[in-house]
Amino acid sequence: MIRYVFNRFLHMVVSLFVLISATFFLMKAIPGDPFTAEKKIPEQILQRLYAQYNLDKPVFEQYLLYLKNILKGDLGISMKMLNQEVTNIISQTFSSSLKLGVVAIIVAVIVGVALGMLAALYHRKLIDNVAMVMAVLGIAVPSFVVASLLQYLLAYHWKIFPVMGFKGPMNYFLPVMALTASPIAVIARLTRSSMLEVLHSEYIKTAKAKGLSWFEIVSRHVLRNGILPVITYVGPMTANIITGSVVIEQIFGIGGIGKQFVQAINTRDYPIIMGITIFYGVILMVARFLTDVAYVAVDPRIKLAGRKGD
Amino acid sequence: MLAANNTVKQAELKPEDFQTIGNNHKEAEVIQRESLSAWQDAWERLRQNKMAMTALIIMILIAILAIVAPHLVPYTYDSNDLMSTNKPPSWDHLFGTDDFGRDVFVRTWMGARISLIVGLAAACIDLIFGVIYGGIMGFFGGRIDNIMNKFSEILYSIPYLLVVIMLLVVFEPSLGTIILALTITGWINMSWIVRGEIMQLKSREFILASRSMGADWKRLLFKHLLPNAMGPIIVTVTLSVPSAIFSEAFLSFLGLGVQAPVASLGSMINDSLTGWMYYPWRMIFPALVISLTMLSFNIFGDGLRDALDPKLKK
């Protein structure tokens, strides 16, 4: 178990290192530097600017400096917004993204599991069919399409929810709906198929034979075992919700990291793009690492396999 | 027959009703039913799946429209008419016009064309690269497999869309660079599928038989292993098309897709966001086409999986 966790941890660190190096060298591969395109800057000022951004040093030295700064939690300074530190920009905008993301993850898990469970318990009945049609739609329709349609129908046409902004609890509904459409679909499908498997297994028959009530069987045995595959999806779901929030924040005018990211892409503000990429990378890889560990901790059956595999 | 039997409680049979036909060994060997190959069998199963067949028809329709539709109307995707901007759908402009007076019908189908090109090209590259890489991993195993697998695992654990965004920020977005960026980690999934299949097939008896008759690795790989792994490979390719289409739309939504005035469904939806309250048709038609495309590919892929591997069906 400890060896497995250590291995996963090492794996995460190596992946992060590759991501950081890749972002750095990709940014260096861009022809010219951030100041060449702008109107003629006097030579001395240019030298100062180079020195400020460490651009006057050899590439490899810049790379080492960059790595060192990241370890200290310093992601550099924005090139377009005057004297704004990238870490500052991230910490200022992170709270709205975090709130939205956490709510979305909780809603996705609860609704997804409930939907999948209903579908499994009423297998081949109306609920099952409706849930599975919804699941296919949720997987197939891109989140920004869902968001735009929701905004048009529920906010503009029927005026149930506010169109934009992120102030009160009512502002959460539409972005969360748009963000969770596809995770809910995936979770519902995962839960349904694993629950169906569990429902047909021998120990459920035993539980029935022991005279347990239907409620006890479902809550004690079916749910506990059927929910296992959902845990493996937590890592990918985090990725899904983060990438989703990049466009969702844009559509609903939420001042989170995603919006900042899009803005940085449009203005080609490289330090911010790099910083947010690395920040996202850290969140996603930590989420994946925790998923791996949680799965081994929860499911005793795969412990051995994990030891052997790594 | 059944209805008639239901009225009779027990069939009244007399000894005369039976006759001896003897033990004819020759006839026992005759194949009564037309023999079906595995592929015909799968096709038969697929044909009975109404959802999958509907999806297939929609896919074909979308493909035909994407090829033909732009030639049916007297406009091109970039011909603007500033006298008729943001016009609602009419007989002149089936899907209406956008803020430059460009015909949304032509632009939607040009966008669908780009979506399909990106989806199919990315899937093809994933297929070729994934099969070669996964084939080598699965076939040779041991240390080669270990190293190659570690490499692909690390590449895979770097968030996909972040890499793609980085690449497109650095290289000017065009159709080629988008496809390249999408395939840079897209092949990994395919390689794992192929690896798993080949590892599993490698230990089967028919491979041992072929090996014992002196087949070399080329024959083993191309005559025995890959054809038998074809089912999962086809399913993975089909399902990787919609995810590539989604990624392309997502990127053009962010402004990292094909550059204006070329139309892409994602960028059309993004452009329409500024005025969707007044001009909803600018969003609805591209949104409908991209959703239908992804939906039909997903449903068809699911149907294919059920048809090719009935064991997996739940």
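**Exercise 1. Which elements are included in what covers the buried residues of α12(A)?**

This is a predicted model, and we start with one of its helices.

*Step 1.* Find helix α12 of chain A, which spans residues 257–267. Its buried residues are A:Ile257, A:Gly258, A:Gln260, A:Phe261, A:Val262, A:Ala264 and A:Ile265.

*Step 2.* Now look at what lies over them. The cover includes α4, α11 (234–252) and α13 (270–298) of chain A. Chain B takes part as well, through its helix α7 (160–170).

*Step 3.* Finish by looking past the end of the helix. α12(A) is followed by A:Arg268, which has a positive phi near 55°.

**Exercise 2. Describe the overall make-up of chain A.**

*Step 1.* Count the elements: chain A has 14 helices and zero strands.

*Step 2.* Take the extent of the chain. Along the principal axes, its C-alpha atoms fill a box of roughly 85 × 55 × 30 Å.

*Step 3.* Turn to burial and contacts. Chain A has 310 residues, and 46% of them count as buried. Among contacts with a separation of 6 or more, 72% join residues 24 or more positions apart.

**Exercise 3. Is A:Ala108 buried or exposed, and which residues does it touch?**

*Step 1.* Place the residue: A:Ala108 lies in helix α4 of chain A, residues 86–121.

*Step 2.* Check the accessibility. The relative accessible area of A:Ala108 is 0%, so this residue is buried.

*Step 3.* List the contacts, leaving out residues up to four places away in sequence. A:Ala108 touches A:Val113, A:Thr180, A:Pro183, A:Ile184, A:Ile187 and A:Met237.

*Step 4.* Add a distance across the sequence. A:Ala188 is 80 residues from A:Ala108 along the chain, and their C-alpha atoms are separated by 9.3 Å.

**Exercise 4. Work out how α1(A) and α6(B) pack.**

*Step 1.* Identify the pair: helix α1 of chain A covers residues 2–28, and helix α6 of chain B covers residues 142–157.

*Step 2.* Read the geometry. The axes are 9 Å apart and the angle is about 65°. The two helices are therefore roughly perpendicular to each other, and their crossing is right-handed.

*Step 3.* Name the residues that meet. From α1(A) come A:Arg8, A:His11, A:Val14, A:Ser15 and A:Val18, and from α6(B) come B:Glu153, B:Ile154 and B:Ser157. Sorted by class, this contact has three nonpolar, three polar and two charged residues.

*Step 4.* Recall a helpful rule: an α-helix has 3.6 residues a turn, so residues three or four places apart point the same way.

**Exercise 5. Do the same for α3(B) and α12(B).**

*Step 1.* In chain B, helix α3 covers residues 38–48 and helix α12 covers residues 281–308.

*Step 2.* Their axes are 8 Å apart, at an angle of about 130°. α3(B) and α12(B) are therefore oblique to each other, and the crossing is right-handed.

*Step 3.* On the α3(B) side we find B:Trp39, B:Ala42, B:Arg45 and B:Leu46. They meet B:Phe300, B:Gly303, B:Leu304, B:Asp306, B:Ala307 and B:Leu308 of α12(B). By class, the contact of α3(B) with α12(B) has seven nonpolar, one polar and two charged residues.

**Exercise 6. Find the polar partners of two buried arginines in chain B.**

*Step 1.* Begin with B:Arg282, in helix α12 of chain B. B:Arg282 counts as buried because its relative accessibility is 5%. A polar atom of its side chain lies 3.2 Å from the backbone oxygen of B:Asp271. Residues that B:Arg282 touches include B:Asn86, B:Asp98, B:Asp99 and B:Met268.

*Step 2.* Move to B:Arg195, in helix α8 (residues 175–202) of chain B. B:Arg195 has a relative accessible area of 18%, so it is buried. The side chains of B:Arg195 and B:Asp145 are joined by a polar contact of 2.7 Å. Beyond its neighbours within four places in sequence, B:Arg195 is in contact with B:Gly134, B:Met137, B:Gly138, B:Asp145 and B:Asn149.

**Exercise 7. Where is A:Arg124 found, and what is its phi near?**

*Step 1.* A:Arg124 is found in the loop between α4 and α5 (126–140) of chain A.

*Step 2.* Its phi is near 65°, a positive value in a residue other than glycine.

*Step 3.* A:Arg124 counts as exposed because its relative accessibility is 62%.

Note on methods. Residues are numbered from 1 along each chain as its sequence is written. Chains are lettered from A and ligands numbered from 1 in the order in which they are written. This is a predicted model: local features need pLDDT of at least 70, side-chain atom pairs count only at pLDDT 80 or more; totals for chains, interfaces and linings use all residues. Side-chain values use heavy atoms; hydrogens and water are left out. Axes are lines fitted to C-alpha atoms, for helices over the stretch in contact, and angles run from 0 to 180 degrees between N-to-C directions. Helices (H or I, at least four residues) and strands (E, at least two) are DSSP runs, numbered from the N terminus. Angles under 35 degrees count as roughly parallel, over 145 as roughly antiparallel, 65 to 115 as roughly perpendicular and the rest as oblique. A crossing is left-handed if the near helix is turned anticlockwise from the far one by less than a right angle, and right-handed if clockwise. Contact means heavy atoms within 4.5 Å. Ala, Val, Leu, Ile, Met, Phe, Trp, Tyr, Cys and Pro count as nonpolar, Asp, Glu, Lys and Arg as charged, and the others, Gly among them, as polar. Buried means under 20% relative accessible area, exposed over 50%, partly exposed in between (1.4 Å probe, protein chains only). A polar contact is a pair of N or O atoms within 3.5 Å; within protein, one must be able to donate a hydrogen and the other to accept it, and residues adjacent in sequence count only if both atoms are side-chain atoms.
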